[in-house]
Amino acid sequence: SIMLVGMFIVKRDNDIIMKKQLAANKLLENAADSAVEASQAKTVFLSNMSHDIRTPINGIICMTEIAKKHTDDEEKVKDCLNKIEGASSHLLSLVNDVLDMRRIESGKTEIISGPMNVTSAADECCSIVYGQLAERNVGFEFVKTNIVHPDVLGDKLHLKQILINILGNAVKFTPDGGKITFTVEELSFENDEAVYSFTVKDTGCGMSEEFLKVVFQPFSQENNAERTHYNGTGLGLSISDQLVRLMGGNIAVSSKLNEGSEFVVKIPFKVKEEIVPEEDKKLFGETLKSFKSIRVLLVEDNELNRELEKVLLSEKGMVVETAENGLKAFVKFTG
């Protein structure tokens, strides 16, 4: 009986070891599959980006050459400058997407809460959308529902980045004759915390069921004809998803191919009413009346940026002095 018991124990231990080994093998297999998928996605991403980045750069180079050859034609030069501005903005957005993703993945992105007004933030996003739709036949409706506590503590910059990204996609993928609806709603208020939902619904090209499964994964882009018209990094929605999570919220999407999409972002905000002293209000108001004759020390190591920033500040009436680095700035400031 002792031998039988011993054989049973050995068999049981072998079974446990075998199950653990099978489980470990399955984890390794899943990890390998994920690594292959990530590698393939990055390969497609780099291929697309090499084309997407060259396109605006080529446009900038060509428009610059045309402008240099027609310096006596003011309208021609203005047209070239407008196109250069558009291409530059697009190129900057591509690079920013990549940098934002790297910051988030490295844990360096910080959510900084400060006083903000939810309605004002949404209005500013709408202003950008109106500009994008100025020459389009696309309906746009902005709906505000149950806004009781608009003044909250939140990261306005990142909130706008999330909303502009989603609204921008709706603009891109909604054809003329379609409609976009942007709804901001206060869902609940409890323990000085208001939960808001931001819903963007469009009647655009929609997404397939297969793509919906990976829509928030980095570098994801649906392989269809729309990509040839709307180049991008495939990082926008992934960045938005991660920013929403950093804010303690969540984002969901529903879509049908050729029927449209709906994105719903829910984010909690602390509500805090701050009473600003009258003397502070007066000082703040006086500060903003005019920048004329205000002395500014501009510190910038890039010569081109330094020149540009000096011009922009001078146009506001400021008296600008410049320094190439911190040491020279310190000498000027203390001298």
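A residue is classed as buried when its relative accessible area is under 20%, as exposed when it is over 50%, and as partly exposed in between. These classes are applied throughout to the structure, which is a predicted model. Under this scheme Glu74 is exposed, because its relative accessibility is 54%, and its salt-bridge partner Lys78 is partly exposed at 42%.

The Glu74–Lys78 contact is one case in a total of 11 salt bridges in the structure. The closest N and O atoms of Glu74 and Lys78 are 3.4 Å apart. Both residues belong to helix H2, which spans residues 74–105. Their separation in sequence is four residues, or about one turn of the helix.

A second salt bridge joins the side chains of Lys144 and Asp123, with an N to O distance of 3.5 Å. This pair links distant parts of the chain, since Lys144 is in strand E2 (residues 139–145) and Asp123 is in helix H3 (residues 118–132), 21 residues apart. Both side chains fall into the intermediate accessibility class: Lys144 is partly exposed at 43%, and Asp123 is partly exposed at 30%.

A third salt bridge is formed between Glu321 and Arg295, at 2.6 Å from N to O. Here too the pair links distant parts of the chain, and the two residues are 26 positions apart. Glu321 is placed in strand E9 (residues 319–323), while Arg295 is placed in strand E8 (residues 295–299). Glu321 is partly exposed, with a relative accessible area of 32%, whereas Arg295 is exposed at 64%. In addition, Glu124, Lys156 and Lys160 are joined into one network by salt bridges that share partners.

Strand E8 also contains Leu297. Leu297, Val299 and Phe333 together make a nonpolar surface patch of about 310 Å². The relative accessible area of Leu297 is 33%, and the residue therefore counts as partly exposed.

The structure holds zero disulfides. A disulfide is a covalent bond between the sulfur atoms of two cysteines. For Cys125, the closest cysteine sulfur is that of Cys126, at 6.9 Å, so the two are too far apart for a bond. A pair would have to lie within 2.5 Å to be counted as a disulfide. The closest cysteine sulfur to that of Cys126 is, in turn, the one in Cys125. Cys125 is buried, with a relative accessible area of 1%, and Cys126 is likewise buried at 1%.

Helix H4 covers residues 156–173 and has 18 residues. The distance from its first C-alpha to its last is 26 Å, close to the 26 Å expected at 1.5 Å a residue. The buried residues of H4 are His158, Leu159, Ile162, Leu163, Asn165, Ile166, Leu167, Gly168, Asn169, Ala170 and Val171.

The largest nonpolar core comprises 40 residues. Within this core, the residues with the most contacts are Phe140, Leu159, Ile166, Phe182, Phe198, Val265 and Phe269. Two or more core residues are given by each of H3, H4, strand E4 (179–190), strand E5 (193–202), helix H7 (236–246) and strand E7 (260–270). The largest share is that of H4, which supplies seven residues. Of the core residues with the most contacts, Leu159 and Ile166 also appear among the buried residues of H4.

Positive phi values at residues other than glycine were examined in two loops. Asp192, which is not a glycine, has a positive phi of about 60 degrees. Asp192 is located in the loop between E4 and E5, and at 49% relative accessibility it is partly exposed. Asn258 has a phi near 70 degrees, again a positive value in a residue other than glycine. The position of Asn258 is in the loop between strand E6 (250–256) and E7. With a relative accessibility of 64%, Asn258 counts as exposed.

Terms used. Residues are numbered from 1 along each chain as its sequence is written. This is a predicted model: local features need pLDDT of at least 70, side-chain atom pairs count only at pLDDT 80 or more; totals for chains, interfaces and linings use all residues. Side-chain values use heavy atoms; hydrogens and water are left out. A salt bridge is a side-chain nitrogen of Lys or Arg within 4 Å of a carboxyl oxygen of Asp or Glu. Buried means under 20% relative accessible area, exposed over 50%, partly exposed in between (1.4 Å probe, protein chains only). Patches are made of residues with over 30% relative accessible area and no salt bridge: like charges are joined within 9 Å, nonpolar side chains (Val, Leu, Ile, Met, Phe, Trp, Tyr) within 5 Å. Accessible areas come from the Shrake-Rupley method with a 1.4 Å probe; for residues, only the protein chains shown count as cover. The expected span of a helix is 1.5 Å times one less than its number of residues. A nonpolar core is a set of buried Ala, Val, Leu, Ile, Met, Phe, Trp, Tyr and Cys residues joined through side-chain atoms within 4.5 Å.
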